[in-house]
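Hi everyone, thanks for coming. Let's take a look at the structure together, and I'll walk you through one part of it.

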Amino acid sequence: MKMLINGNFVDSKEKIDVVNPFNQDLIDQVPAGTPEDVKKAINSAYVMKNELKNFSARKISEALYACAVDLSDDLEEFAILISMETGKPINAARDEVKRSIDTIKLSSEESKRIYGETVPIDAGIGGKGFMAFTLKIPLGVLGAITPFNYPLNLAIHKIAPALAAKNTVVLKPSATAPLTALKMAEIINSHFPDGALNVVTGRGSIIGDELVKSEKIDKISFTGSVETGRMISQRAVMKKITLELGGNDPLIVLEDADIEKAVEATIRGSYLYTGQVCIAVKRLIVDDPVADDFVEMLLKETRKLKMGDPLSTKTDIGPLINENAAKVVERIVSNSLKDGAELLLGGTRNGNFFEPTVLDQVTSNMKVVQDETFGPISPIIRVNGIDEAINVANDTRYGLQASIFTENIRHALKAVQEIEAGSVMVNKQSTFRTDNMPFGGFKMSGMGKEGVKYAVEDMTRTKLAVLNTR
Ligand code: NAP
């Protein structure tokens with residue numbers, strides 16, 4: 001596939017292979033873009049911003065809606081492509097496309113709800129006799145950088161709200177999984193003018209860096225790892241910035257929880273897309289009196305998971321994105337065993353497949369729960385009571401989402417108030433996300449919020465008009 005610059009699909013001499021993580025087959029190649037390509041894409045977006053800002057909200061809304069309809073028509077094709085380029089089990093890939101359609105429709109609706117407000121300016125000294133109101137105007141050009149794990153919906157979470165607020169966009173998708181974003185760009189380009197959306201493929205260190213430092217970009221919206229996010233935040237001088245970074249989400253199971261419900265949630269939360277999800281459950285914090293029962297049920301349910309071809313609807317666990325990622329998980333698991341964790345299930349790597357793995361007797365200081373483990377691992381930390389559970393939950397540099405299982409309303413509310421995370425779910429695992437909810441972490445998990453309404457708000461700036469009525 002080719003890059004999209006100023007409405008043209010552009011190739012380059014140097015190419016990047018896109019490989020199916022399941023069988024290592026070459027799916028396609030994409031151009032290895034150069035700084036020159038990025039500059040052309042930025043210029044195109046920079047010129048188009050002056051045209052797009054004069055589009056009516058109605059026209060923008062209808063164009064976005066048309067994109068959602070086209071994507072619905074191609075749902076299965078997109079799902080297969082996501083599955084092939086990421087190794088994501090097809091059921092989860094279909095869910096991603098359905099959510100992407102929803103994200104675009106929500107953006108289409110939100111584009112009609114961008115309001116300023118009247119300002120009671122006569123409340124301030126010297127304001128008598130004046131009238132004032134604000135306008136929410138577009139920022140200009142958005143630089144969007146996305147990771148491999150949700151290659152469609154995470155790109156859409158940036159592109160669609162940006163267009164809804166009449167901004168133009170330059171997207172740099174993951175070099176590992178760039179194909180669905182390029183395919184989506186074809187749809188968007190057919191409903192928006194040339195230059196409204198540009199997509200430049202290539203290495204983050206080249207393409208991403210060029211976007212981050214350009215003075216023609218007004219905002220960077222980045223989703224990816226803490227390490228890359230930290231680098232970007234240091235370089236994006238004088239730009240608005242949203243960072244959606246890694247997570248280390250806890251799931252607390254208290255003595256008074258419905259254990260069956262908690263186990264079912266753990267299976268969904270730990271093993272969705274083989275654990276390669278920012279909001280996957282990465283730490284199980286279990287009250288000691290119910291820990292043995294919980295572990296027994298968790299092992300029983302984990303044994304039922306099927307590993308295999310991501311394109312089969314029967315597959316729960318696919319490959320990790322590449323062999324290196326699987327080796328990292330292997331190393332983290334083996335280190336935790338050296339540090340005293342107990343292996344109850346799994347623990348074996350075969351190429352880039354890693355078995356669903358349950359570890360018991362994990363402690364807060366182990367790397368398996370201090371770092372973000374991007375794999376199918378359920379590490380269990382045993383605690384006594386709500387206070388210790390919350391302390392352990394907060395003992396991390398991350399704070400994306402969190403969950404607690406309890407039938408006691410006081411415990412639920414205490415967790416909501418005291419856990420340091422962007423969202424706290426009660427009796428639901430942290431992988432829960434609807435595309436209109438405010439989403440974004442605390443601490444090293446990032447800054448700013450996505451979720452259509454919140455992203456749109458952050459892609460506008462406020463202008464004040466003051467009228468002298470005397
Ligand atoms: P990553 O390595 O940080 O890469 C993310 C994007 O940044 C890629 O497009 C990458 O390009 C680009 N990049 C790399 N170096 C760059 C630089 N110097 N300047 C600008 N851009 C640069 O992350 P990943 O491995 O793809 O994704 C997994 C991570 O994303 C996990 O930590 C996960 O938790 C996080 N994530 C967070 C959320 C959230 O909403 N909070 C959602 C999903 C994933 P290349 O492709 O060339 O490397």
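Let's begin with a helix pair; keep in mind that this is a predicted model. On one side, helix 9 brings I259, E260, A262, V263, T266, I267 and Y271, and these meet V290, F294, M297, L298, E301 and T302 in helix 10. Sorted by type, the residues of this contact come out as 9 nonpolar, 2 polar and 2 charged.

How do the two helices cross? Helix 9 covers residues 259–271 and helix 10 covers residues 288–303; their axes come within 10 Å and cross at roughly 50°. That angle makes helix 9 oblique to helix 10. As for handedness, the crossing of the two is right-handed.

Now please turn to the sheet. It is open, has 7 strands in the order 14-17-18-13-12-20-21, and its pairing is mixed. Which strands stand at the edges? They are strand 14 (342–345) and strand 21 (423–426); each has a single partner strand, so one side of each is left without a neighbour in the sheet. From one strand to the next, the twist averages 25°.

Let's zoom in on one pair. Strand 12, residues 249–253, runs parallel to strand 13, residues 281–287, and 5 bridges join them. One of the residues to find here is P250, whose bridge partner in strand 13 is R283.

Finally, back to helices. Helix 10 packs on this sheet too, touching strands 12, 13, 14, 17 and 18, with its direction at about 140° to that of strand 13. Helix 11 (residues 323–338) also packs on the sheet: it touches strand 14, strand 17 and strand 18, and its direction makes about 25° with that of strand 17.

Terms used
Residues are numbered from 1 along each chain as its sequence is written. This is a predicted model: local features need pLDDT of at least 70, side-chain atom pairs count only at pLDDT 80 or more; totals for chains, interfaces and linings use all residues. Side-chain values use heavy atoms; hydrogens and water are left out. Axes are lines fitted to C-alpha atoms, for helices over the stretch in contact, and angles run from 0 to 180 degrees between N-to-C directions. Helices (H or I, at least four residues) and strands (E, at least two) are DSSP runs, numbered from the N terminus. Angles under 35 degrees count as roughly parallel, over 145 as roughly antiparallel, 65 to 115 as roughly perpendicular and the rest as oblique. A crossing is left-handed if the near helix is turned anticlockwise from the far one by less than a right angle, and right-handed if clockwise. Contact means heavy atoms within 4.5 Å. Ala, Val, Leu, Ile, Met, Phe, Trp, Tyr, Cys and Pro count as nonpolar, Asp, Glu, Lys and Arg as charged, and the others, Gly among them, as polar. Two strands pair if DSSP finds at least two bridges between them.
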